[in-house]
Every structure is written in structure tokens, then in C-alpha cells.
Amino acid sequence: MPDPHDDFTAYAHAQLPRLVTTAHLLSGATGDPREATELVRRTLVGVCARWRRIPRDDVDFYVRRSLVKEFLRGARRQRPLSDGVLKDTSARQRAVLVMLHREGLREAEVAQLLGWSSGAVSSRARRGLAVCGGDAGRLRERFAEAARVDAEDVPFGVRLDAVEKRGRSLRRRRRTVVAALCALLLVPAGVFAADRIVGGGTADGSVGGAVDVARSPIRIVAPGERVAAVPGVQVWLTSDGKHWSTPQRPNQFLGLTVDGYASGSKAGAGKPAASVQPDRLNSSYFLSGLYRGLSADPARVEVTVDEKKMTGTVLTLAGSPGWGVWYTRASLSLAELKSSYGDGGPTVTVYDAAGKVVARGGADW
């Protein structure tokens, strides 16, 4: 990988005119270029801080998503934005129209970018276009004309040296915070382990000393966003279930339509359950699964294989949908994995923040 700082500077310098133009269209083209340049500055600072973690073939997607989310975060809800191109459109309608008719994305790509359903994108695009006259071709022409005017009249006053300095500072600060949190987590993890050895669990299935439960790392992802779970394995979520690829078995899928639980409906309507799917990775195993039917996100997911207990990492979509994916890598032999099936196979237990069991399952639903 190229040097992260030189790499970022080259990318930001090449994309700056387009970013400022897009930000100018998003923010309302009010005649004050400071609003657009400040939006781009905040976006690039955040991108710089995470630059080393952004896949190089996915940079444009990540930057667009950061720009739009930064715009929506700063926009007042339900406040119409008026200008000569997009008249009286809401912030969300404006974001959808700019991504579709200025950036040239498809509705499915915009849905993935924003973490919305395709129906929500289509609805906002239809209503926003109606406000603007209903002619998509004419709107694209107006966007192109606005871009030409911006290229001549809008100053790209974003100092990249200041952006890099701020981004590096933010990255160092986050590292410090993460290191401090990891150090703090060592204490409750140790207490939890001691409690399990000395006292064990309670009769109702909750964990003794609930406040001392070691929590699972939980990451909120956009639909279709690929996560490198372990080397060679990718996991991603869509509205209809879990997708994952391993070197031996690419493009696997486990849907949510199980036991009458309809894909796309509210997960809380189904019976709480969890699953385990083991995948061989050379001398170890990638263990993953779905949990569903929860009224809130879990605090801890624990998988047990032949008396070995491991904490999983959790992936979930925004909005507490009541379902998600967990995964972990286990140093297990084939004999150990097969031995566990004598007792019913690997089991997974999902705990809430109070340490109470809220879902449990195994290799089959």
C-alpha cells in the first residue's frame, strides 16, 4: 500500500473540485461558498483520520457516503432548501437527487450509500423530481450547468495541509481513546472470568455479575458493506440476510425467512434464535451465524465448542433491526469440532446488557 499521507494528498487534490461542486449543490447553492467548502473540509478530515482503514478500491464510495452523511447531519430536518436548481426540496430529497442525477449512481447504489432501502430512495427521488418539474433529463442539464459555473466562480478554499494535520491529530486521539478503553475492559473481563470459575451462571440462564460481562465488539454497517472479518473472509449484510465468502466457499448466503419470519419485516416479530455456521480455514475455523428476534442489539455473543467459550464480533444494520451477524475465529481441530457434535454441536448464546440470555441456538435453527 502506498504511503498513507502521500496517497491521501494525491486523492484529495484530484477530487477537490468535484467534491466542492457536489457539496455546493447539496448545501443549496446559496451564493455563499463557505458552506460548501466547510462541508468538504469536515468530510476530508474524517476521511484522512480513517484513511489507512479504507480499501483503495472503495475510496469513492466511502468519500461520497461521508460527504452526504456530513451534509445530512448538519441540515435541519424537514427544512426546505431553495436555489435555482433544486427548488424547495428537503435535505434527504436533495441528497438523493444529487447522487442520482449529478453523481450518476443507480438507485440501488444510493440505497447502499445511505443505508436506506431501495424503496425509500425511489420514493424520495420521485417526490423530489416532482418538486423540480418532473424532468430528469432537464435536471441533469441544470446540474451540469451549475457545475460549469461552480468551476469558474466557486473557490476551492480547502487547505489540504490543514486537513491532513487535523486528520492525523484526530487519528492519534482515537488511538489514545481506544487504548484507554481496552485497558479499562481488561478489569471487567478478568472479574467476569473469575466469576465464571468461582460462581458460574445463575439458574435462570443469566450471567452472574451482569455488570462485569465482557461485551462483544459491535459494528454498525451499511447494507452491502463488506467487512474483512479475518484474512481471506468477507462478511456483509443486506436486508434479507447474511452473506459471507471464504477461500474454499465463496458467496454463501443465509436468509432471514425461517420459521415464518418474513425477510424485511421487523425482526422482533419472530421467535428469538441464533445459529452457527463453521467454515474451515487451514488449521482453524471461521465460526459465524445469525441472531434474530431481539428487541434491541445484544451486548455479548458467546459461542461454545467442546467446552471452549469464545466471544464473537457483531455486525448489525442501522436502526436496531433486531437481527444481525456474529463471527469469530477459533483455533480448533477437526476432531474437536466433530467431538462437539456429540453434545449437539457448537452452541451460541446471546446476552443483553444486563447479562440475561435473550437468544440461544446451534448449528441448525
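## Strands β2 and β3

Strands β2 and β3 run antiparallel and are joined by three bridges. This pairing belongs to a predicted model. The two strands make a hairpin with two residues between them, and in its turn Gly 232 has a positive phi of about 90°. One bridge links Ala 228 with Gln 234, the latter being the partner in β3.

Strand β3 has six residues, of which five are buried, so the strand is largely enclosed by the rest of the structure. Gln 234 lies in β3. With a relative accessible area of 32%, Gln 234 is partly exposed, because a residue must fall under 20% to count as buried.

## The sheet β2-β3-β4-β5

An open sheet is formed by four strands in the order β2-β3-β4-β5, with antiparallel pairing. Its edge strands are β2 (227–230) and β5 (252–255), each of which pairs on one side only. From one strand to the next, the twist averages 25°.

Within this sheet, β3 (residues 233–238) and β4 (residues 241–245) are paired in the antiparallel sense over five bridges. These two strands also form a hairpin, with two residues between them. In a regular strand, side chains alternate between the two faces of the sheet.

## The surroundings of Gln 234

Which residue of β4 is the bridge partner of Gln 234? The partner is Ser 245. On the β2 side, Gln 234 is the bridge partner of Ala 228. The C-alpha atoms of Gln 234 and Trp 244 are separated by 5.5 Å, although the two residues are ten apart along the chain.

Leaving aside residues up to four places away in sequence, Gln 234 touches Arg 226, Val 227, His 243, Trp 244 and Ser 245.

## Asn 251 in the β4–β5 loop

The loop between β4 and β5 contains Asn 251. Is this residue, Asn 251, buried or exposed? At 57% relative accessibility, Asn 251 counts as exposed, because the exposed class begins over 50%.

The backbone of Asn 251 also deserves a remark. Most residues other than glycine have a negative phi. Asn 251 is not a glycine, yet has a positive phi of about 55°.

## Strand β11 and its partners

Four of the five residues of strand β11 (residues 313–317) are buried, so this strand is largely enclosed by the rest of the structure. Strand β1 (residues 218–221) pairs with β11 in the parallel sense over four bridges. In that pairing, Val 314 of β11 is the bridge partner of Ile 218.

Strand β12 (residues 324–330) pairs with β11 in the antiparallel sense over three bridges. There, Leu 315 has Val 325 of β12 as its bridge partner. A hairpin is formed by β11 and β12, with six residues between them; Gly 319 in the turn has a positive phi of about 90°.

Val 325 also provides a link to Leu 290: their C-alpha atoms are separated by 4.6 Å, while the residues are 35 apart along the chain. Leu 290 lies in strand β8 (residues 284–292). Its relative accessibility is 0%, so Leu 290 counts as buried.

## Helix α3

Helix α3 (residues 59–74) has 16 residues, which should span 22 Å at 1.5 Å a residue; the end C-alpha atoms are 23 Å apart, in agreement with that expectation. Which residues of α3 are buried? They are Val 59, Phe 61, Tyr 62, Val 63, Arg 65, Leu 67, Val 68, Glu 70 and Phe 71. The buried set thus includes the charged residues Arg 65 and Glu 70. An α-helix has 3.6 residues a turn, so residues three or four places apart point the same way.

## Cysteines

A search of the whole structure finds zero disulfides. Cys 48 is buried, with a relative accessible area of 2%. Cys 132 also counts as buried, at 12% relative accessibility.

## The protein as a whole

The secondary structure comes to nine helices and 14 strands. The protein has 365 residues, and 46% of them count as buried. About 18400 Å² is exposed by the protein, with carbon and sulfur atoms supplying 52% of this area.

Among contacts with a separation of 6 or more, 62% are accounted for by residues 24 or more positions apart.

Note on methods
Residues numbered from 1 in each chain as written. Predicted model: local features only at pLDDT ≥ 70, side-chain atom pairs only at ≥ 80, totals over all residues. Heavy atoms only, no water. Expected span 1.5 Å × (residues − 1). Buried < 20%, exposed > 50% of the residue type's maximum accessible area, 1.4 Å probe, protein only. Pairing = 2+ DSSP bridges. Axes fitted to C-alpha atoms, helices over the stretch in contact; angles between N-to-C directions. Disulfide = S-S within 2.5 Å. Contact = heavy atoms within 4.5 Å. Areas by Shrake-Rupley, 256 points an atom, 1.4 Å probe, with all protein chains shown as cover.
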